[in-house]
Amino acid sequence: MAPYASEDSESGTEGGRRRKAVRYAVPVAVVGVAAATIGLVPALASSGDPDLPDITARQLIEKIAKSDTQQLSGTMKIQTDLGLPSLGGAAGGGLMGGGDGERGGDGGEGGSSADPQSKLAELASGSHTLRVAADGADRQKLSVLDDASEYSVIHNGDDLWAYDSKSDEAYHAKHAEGSGDRKEKAPKGVPATPKELTDEILKAGGDSTSFTVDGTSQVAGRDAYRLQIKPKQSGSTVGAVTVSVDAKTGTPLKFSLTPAGGGAAVVDAGFTKVDFAKPAASTFDFKPSKGTKVTEADDSMRHERAAEPDAFKGDAFKGGGLDDLNVIGKGWTSIAELKMPKEAGGLASGAAGSADMPPEAQKFLSSLGDRVKGEFGSGTVYSTRLVNVLITEDGKAYAGAVTKDALVKAANAG
């Protein structure tokens, strides 16, 4: 089916901090999904082009905003290709020194191979199959399926459990206040209706973003519209974001982010099976078996702080927090400028840091580095297929989903 007509958003006229902040919402959300991610919504090849009623981009965004899907279960696949070299044994916690015998791996003393912080980092590369279930705000379950093992994170009320069947280890955290079914009143200025939310999404794109309904597809056996989001600005590494939206419920079923440089998607995530019926209550039950090693979150955090390299302790990172963050530009070509701590100085020369950094991490970072020079001096650009980071020898970092040239230009201006 031929794509439908484009409906580009117009920039808002309201000034103030809220409008400035919301203008960054679209690109920041995209970078967040691709860089951190990794997790929820892979896109498998869809089949067929169902004949659905015409719809505009605004109407489709309103449909997403009105969606109130609270219950579902299904299977998803996620393919992530940031263009990183093979991590090998440095994947997850091992990259930063948390491998076997420390944290992750065998779940050595004080650590746990079931800790979600390190385990879910493995989703940052390669192809993975996930099983998901949700029943409102208080009950969700995510399982990562391997050939001979399964890793699950279960949220049920005040409890968060994670279990690694391969090592027979569990990780437990307790929410002090619980999430409950409280309905909080939206703060003043926050969109509260589907129309208000739609308007904010369109305004966030401003003149820098094109919203288009790019035809239809079938995902997990369900008819869907394809919403395509593209930056109009040059200099962004994002080519397009495509979201397949369930025609009946308005629920996003598939997410695909393609880079401006072409090639395979950076993130391709979507359902292969989905059911909007209420999952059985037993889906969210978990009780560790006798003999399972259980690590409590508080104990794990104390171990992590004790195991931190000296360069990351004390006042090492004071002065480099978000208070020192400066955002250059707007929209898809926004660049974050941040002053780096002295301990990170080796990164500017491509030396990949200090003696406290594990050799595999040094090798990994060095493989990403590309020396550059400009009016600012010299530094190193660390690159993926989506996000680039320039670290200068005078102690500044410039990062964004932008090209190397855009980073150098920002550094020169700074």
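Between which strands does the loop that holds D168 lie? Select D168: the residue lies in the loop between strand 5 (159-164) and strand 6 (169-174). Helices (H or I, at least four residues) and strands (E, at least two) are DSSP runs, numbered from the N terminus.

The structure is a predicted model, in which local features need pLDDT of at least 70 and side-chain atom pairs count only at pLDDT 80 or more, while totals for chains, interfaces and linings use all residues. Residues are numbered from 1 along each chain as its sequence is written, and side-chain values use heavy atoms, with hydrogens and water left out.

**First stop: D168 and its flanking strands**

Most residues other than glycine have a negative phi. D168, although not a glycine, has a positive phi of about 55°. With a relative accessible area of 27%, D168 is partly exposed; buried denotes under 20%, exposed over 50%, and partly exposed the range in between (1.4 Å probe, protein chains only). Extend the selection to the flanking strands: strand 5 and strand 6 run antiparallel and are joined by six bridges. Two strands count as paired if DSSP finds at least two bridges between them. Within this pair, select W161, whose bridge partner in strand 6 is H172.

**Second stop: the twelve-stranded sheet**

Now display the open sheet of twelve strands, which has mixed pairing and the order 7-8-9-10-11-1-2-3-4-5-6-12. Strand 7 and strand 12 (293-296) are the edge strands, each pairing on one side only. On average, neighbouring strands of this sheet are turned by 15° against each other, direction ignored. Axes are lines fitted to C-alpha atoms, for helices over the stretch in contact, and angles run from 0 to 180 degrees between N-to-C directions.

Add helix 3 (residues 57-66), which lies across strand 7, strand 8, strand 9 (238-246) and strand 10 (252-259) and runs at about 115° to strand 8. Contact here means heavy atoms within 4.5 Å.

**Third stop: S217 and A220**

Select S217 in strand 7 (residues 209-219). This residue is buried, with a relative accessible area of 3%. The C-alpha atoms of S217 and D246 are separated by 9.5 Å, although the two residues are 29 apart along the chain.

Move next to A220, in the loop between strand 7 and strand 8 (222-231). A220 is not a glycine, yet has a positive phi of about 55°. A220 is partly exposed, with a relative accessible area of 25%.

**Fourth stop: the six-stranded sheet**

Which order do the strands of the open sheet of six strands have? The order is 13-14-18-17-16-15, with antiparallel pairing. Strand 13 (326-328) and strand 15 (369-374) stand at the edges with a single partner strand each, so one side of each is left without a neighbour in the sheet. Neighbouring strands of this sheet are turned by 25° against each other on average, direction ignored.

Within the sheet, select strand 16 (residues 377-383) and strand 17 (residues 388-392), which pair in the antiparallel sense over five bridges. V381 stands opposite L390 in strand 17. Then add helix 8 (residues 404-413): this helix lies across strands including strand 14 (335-339) and strand 18 (396-400), and runs at about 35° to strand 17.

**Last stop: T392**

Select T392, which also lies in strand 17. T392 is buried, with a relative accessible area of 3%. Its side chain and that of D394 are joined by a polar contact of 2.2 Å. A polar contact is a pair of N or O atoms within 3.5 Å; within protein, one must be able to donate a hydrogen and the other to accept it, and residues adjacent in sequence count only if both atoms are side-chain atoms.
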